[in-house]
Amino acid sequence: MDNIVIETRQLTKIYGEQTVVNEVNLHVRKGRIYGLLGRNGAGKTTIMKMILGLSSVTSGEVDVFSQTIKGNEKYIYPRIGAIIETPGFYPNLTGTENLEIFAKLRGTSRPNAVKEALGVVGLPYRDKKVFSKYSLGMKQRLGIANAILHDPELLILDEPTNGLDPIGIAEVRSFIQDLCVKRGKTVLISSHILSEISLLADDIGIIHNGVLLEENSLAELHKRNSKYILLQVSDTAKAVLLLERRFHVKEYSVQDTHTVLLYDTDLDMAEINKALMLENISVISLQLCNDTLEDYFKKVTGGEGIA
Amino acid sequence: MLNLIQSEFLKLRRRKFIWLMLFAALFMPLVAIFYFSGANATEITPIHFYKWTAFSYTLWIILPFVLGMLCTMLIYNENQEQLWIIPISRMGYFFSKFVVVLFYSICFMLITAVSSILAGVTSGLIVFTTDSISFLFIKCLEIGILIPLAILPILAVTVSQKGYILPVCVTIVFTFFGFILLMINMYIHPLSSTTAIFMRNIEGVVLDEPVNMGKAFLCIGIWGIASTIWAKIALGKEK
């Protein structure tokens with residue numbers, strides 16, 4: 001249990017009649033990137049707010065660094081860097097001036113903290129542009145710079161790539177991975193973009209309508225993706241008969257008059273092809289297929305899928 | 001706490017409107033020049049002149065309204081959630097805002113004092129005397145310190161609100177009632193009580209009954225404490 005940085009137990013949030021987060025058990029392990037994946041309105045931000053103590057918990061418990069936030073704010077918050085929703089800064093100040101204020105409030109002792117944080121996200125130090133003139137991407141970068149300003153152990157990032165262009169997304173991904181791999185930081189990141197999470201996270205939690213449907217490592221999720229042989233023939237009835245008799249195939253499903261899916265992927269495809277040809281059954285297609293992560297998520301979320 | 005106060009002042013950079021509001025301090029001295037322009041200069045005492053420039057509408061309406069606007073502007077751009085996870089204390093946040101309001105109020109009244117003297121002396125309406133000037137500065141400082149305490153309820157409303165419409169409306173209503181209640185009961189509204197404390201020793205001001213300083217400070221104190229408690233509850237409330 002020592003390597004669990006965030007743990008929630010039966011975490012629930014109810015607004016009036018609506019259950020926004022329903023008995024979520026989340027486990028974020030030290031030194032890993034945990035991707036919280038879900039559609040807009042699935043409950044990701046609410047979970048993050050409850051973890052940070054910014055939103056009250058209806059029932060359940062949250063532990064961060066094995067302690068509850070309430071009453072331990074002074075010890076826990078300095079170890080966390082966070083962006084929740086859109087980063088809010090002072091529009092009349094430049095990026096550097098904004099970060100200097102936060103550095104002062106945090107009591108950051110490193111003299112170059114602001115310069116370094118801006119450097120990491122690729123924003124200029126001491127430029128004249130005020131925050132109100134920043135593009136959405138620049139605002140997002142400044143939010144990330146603020147989150148890493150005090151060199152925290154844990155980063156909680158709520159959709160940090162919102163508004164970034166593809167190159168910006170790749171850069172953010174790269175430095176989040178660097179923070180995790182080179183500096184041993186733990187990251188909890190939320191997103192509704194499957195490709196982003198699958199490229200970045202070590203562990204994934206899939207949340208849908210406030211319920212954590214799945215929590216596993218990315219590697220394990222990849223393993224779980226079902227593999228099958230797709231067989232398209234001129235006559236499925238004849239083909240299935242042959243497969244049952246000659247190859248003792250039991251696990252299959254007939255999709256239509258021309259398509260059969262075979263779930264035993266150890267079958268010799270060349271032999272199947274040869275046997276079908278000898279029986280005068282035309283083979284249109286015979287290939288090994290693999291469900292994509294997206295297919296898997298669609299399955300888990302009841303067919304709705306994730307963007 | 002010192003870092004918080006320092007940050008509050010850093011946040012004021014390039015807020016032109018906040019500094020432009022200081023020009024409101026010149027309004028009553030200019031009005032006084034026009035008001036007294038037809039009068040015989042020998043009949044106007046410095047205190048009489050200062051009553052117009054600094055001790056009346058500036059105290060009753062202009063300064064409370066300007067400070068109410070300032071409170072709204074100080075809070076409007078804050079993303080409080082980002083501050084709580086630093087963490088900073090809710091009450092520290094509230095008092096750091098109050099310190100800015102207090103500092104601004106004192107600056108405003110000092111500008112009023114200087115502009116009153118300049119308006120009076122340059123127009124030849126009053127004679128420059130050390131006694132009257134020291135009295136003016138002491139009284140202006142008194143106003144500059146008491147009015148921020150009296151408008152703590154407005155500050156409490158602004159910190160508990162996300163928008164600016166309600167705080168602005170509250171400022172207008174609060175200031176208006178402070179002025180109206182002055183003639184009915186001075187010890188109900190903190191702005192009226194501030195006027196009562198202030199008017200206790202102004203030459204030529206005759207009140208229906210002598211000012212009860214205890215009651216006036218009690219009124220300001222009760223409103224101030226209630227506002228602080230309200231702000232604490234509102235800021236501590238988790239959504």
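The following conversation concerns a predicted model, its interface between chain B and chain A, and one helix of chain A.

Biologist: How many residues does each chain bring to the contact?

Modeller: Chain A contributes 33 residues and chain B contributes 23 residues.

Biologist: And what area is buried between them?

Modeller: About 2500 Å² is buried between chain B and chain A, with carbon and sulfur atoms giving 56% of that area.

Biologist: How many salt bridges are there between the two chains?

Modeller: The count is 2. One of them joins the side chains of Arg13(B) and Glu97(A), at 2.8 Å from N to O. As for polar contacts, 9 residue pairs across the interface meet the rule, both residues being at pLDDT 80 or more.

Biologist: Which helix gives the most to the side of chain B that touches chain A?

Modeller: That is α1(B), with 5 residues. Both α1 (2-10) and α6 (80-84) of chain B supply at least two residues each to this side. By type, the residues on this side of chain B are 9 nonpolar, 6 polar and 8 charged.

Biologist: Turning to α4 of chain A, which of its residues are buried?

Modeller: In this helix, residues 113-121, the buried ones are Ala113(A), Val114(A), Ala117(A), Leu118(A) and Val121(A). They lie on the same side of α4(A), because they cover an arc of only 125° around the axis.

Biologist: Why would such a spacing put residues on one side?

Modeller: An α-helix has 3.6 residues a turn, so residues three or four places apart point the same way.

Biologist: What do the buried residues of α4(A) pack against?

Modeller: They pack against three helices of chain A, namely α3 (95-106), α5 (136-148) and α6 (166-181).

Biologist: And what follows α4(A)?

Modeller: Gly122(A) follows, and its phi is positive, near 75°.

Conventions: Residues numbered from 1 in each chain as written. Chains lettered and ligands numbered in written order. Predicted model: local features only at pLDDT ≥ 70, side-chain atom pairs only at ≥ 80, totals over all residues. Heavy atoms only, no water. Contact = heavy atoms within 4.5 Å. Buried area = accessible area lost by both parts, 1.4 Å probe. Salt bridge = Lys/Arg side-chain N within 4 Å of Asp/Glu carboxyl O. Polar contact = N/O pair within 3.5 Å; in protein donor to acceptor, adjacent residues only side chain to side chain. Helix = DSSP H or I, 4+ residues; strand = E, 2+ residues; numbered from the N terminus. Nonpolar A, V, L, I, M, F, W, Y, C, P; charged D, E, K, R; others polar. Buried < 20%, exposed > 50% of the residue type's maximum accessible area, 1.4 Å probe, protein only. Arc of directions from axis to C-beta.
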